[in-house]
Amino acid sequence: MKKLLTTTVMAASLSALTLTGCTSTTSTGAVGVDRQQLLLVSSEQVLALSAQSYAKTIQDAKSKGVLDTNTAQLNRLKNIANRLVGQVGVYRADAAKWQWEVHTIKSNDLNAFVVPGGKIMFYSGIIDRLNLTDDEIAAIMGHEISHALREHSRERLSREYATQTGIGLAASIFGLSQGQAELAGTAGNLGLSLPHSRTQESEADQIGLELMARAGYNPQAAVMLWQKMQKASQGEPPQFLSTHPTSSSRIAELQSLMPKVTPLYQQSRR
């Protein structure tokens, strides 16, 4: 019975994949990101989930008095964001029309993210503790913007939905009670909290590197950034135990892409 249940789940997931097909949310760009994505849920659904999570983050920060406390730092981030957003049309034309925002949270955490739809958040700790240059900030911001452009949150939610749908169908066939609470809870968590896969992280590194180069930021700063991150990370787990690449493998990949993005940087500086 266990074998039959597994087969049924796989068949249901494959059926969902066949019915909806796969697509890519972005153009390939100069770095050549070209992977078909499973997208079973709509952008609107993901935007709604993410907007709720982002609004809560903003409200919590306001109530604690830690939102946008450093005007100079906020303006610095906005200037970098404006240059990077000016390049997003290379990967998808509609992204230039997103309602982009930039905010900061006063916190010692090494953290930054971009919510689907173009909402940028930086924690002061990542700037201050790593003493980041503008180029290094652009490397982080370009990476996070790339997650939004590729709709990685939507992709993760779609894969979870496909899995839960398959399990639900199997449970129905065998007369088991599955319910929808588990899927609803998972969908909420996928709004912001769950980590990206290694493949998605690699794509964000590649696209982010091109965005910063086109915006006139030195792509070599991405390598320097991860060297700083490597020093700041104590007891980094082996790559096979983490969804994120290790700093060393990330640095090697970034260095391998320099021949593709350096001409773009040089052209932007003329």
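Colleague: How many bridges join E4 to E5, and do these strands run parallel or antiparallel?

Modeller: In this predicted model, four bridges join E4 to E5, and the two strands run antiparallel. Two strands count as a pair if there are at least two bridges between them, and the four found here satisfy that condition, so E4 and E5 are paired. One of these bridges is between alanine 112 and phenylalanine 122 in E5. Strands E4 and E5 form a hairpin with three residues between them, and glycine 117 in the turn has a positive phi of about 100 degrees.

Colleague: How many bridges join E3 to E5, and do they run parallel or antiparallel?

Modeller: Five bridges join E3 to E5, residues 119-123, and these two strands run parallel. Across this pair, histidine 103 stands opposite methionine 121, while threonine 104 has phenylalanine 122 as its bridge partner.

Colleague: What is the order of the three strands in the open sheet, and what is the pairing called?

Modeller: The order is E3-E5-E4, and the pairing is called mixed, with E3 and E5 running parallel and E4 and E5 running antiparallel. Strands E3 (101-105) and E4 (112-115) are the edge strands, since each of them pairs on one side only. From one strand to the next, the twist averages 15 degrees. Helix H5, residues 134-149, packs on the sheet and touches E4 and E5, its direction making about 35 degrees with that of E4.

Colleague: Why is E5 said to be largely enclosed by the rest of the structure?

Modeller: A residue is buried when its relative accessible area is under 20%, and five of the five residues of E5 are buried, so the strand is largely enclosed by the rest of the structure. Lys119, Met121 and Tyr123 point one way from E5, whereas Ile120 and Phe122 point the other way, and all are buried.

Colleague: How do you know that the buried residues of H2 line one face of the helix?

Modeller: The buried residues of H2 are Ser43, Val46, Ser50, Tyr54, Thr57, Ile58 and Ala61. Seen down the axis of H2, they fall within an arc of 95 degrees, and therefore they line one face of the helix. On the other side, Glu44, Gln52, Lys56, Lys62 and Ser63 are exposed.

Colleague: What span should the 22 residues of helix H2 have, and how far apart are its end C-alpha atoms?

Modeller: At 1.5 Å a residue, helix H2 (residues 43-64) should span 32 Å, and its end C-alpha atoms are 31 Å apart, which agrees. Just after H2, glycine 65 takes a positive phi of about 70 degrees.

Conventions:
Residues numbered from 1 in each chain as written. Predicted model: local features only at pLDDT ≥ 70, side-chain atom pairs only at ≥ 80, totals over all residues. Heavy atoms only, no water. Axes fitted to C-alpha atoms, helices over the stretch in contact; angles between N-to-C directions. Contact = heavy atoms within 4.5 Å. Expected span 1.5 Å × (residues − 1). Buried < 20%, exposed > 50% of the residue type's maximum accessible area, 1.4 Å probe, protein only. Arc of directions from axis to C-beta.
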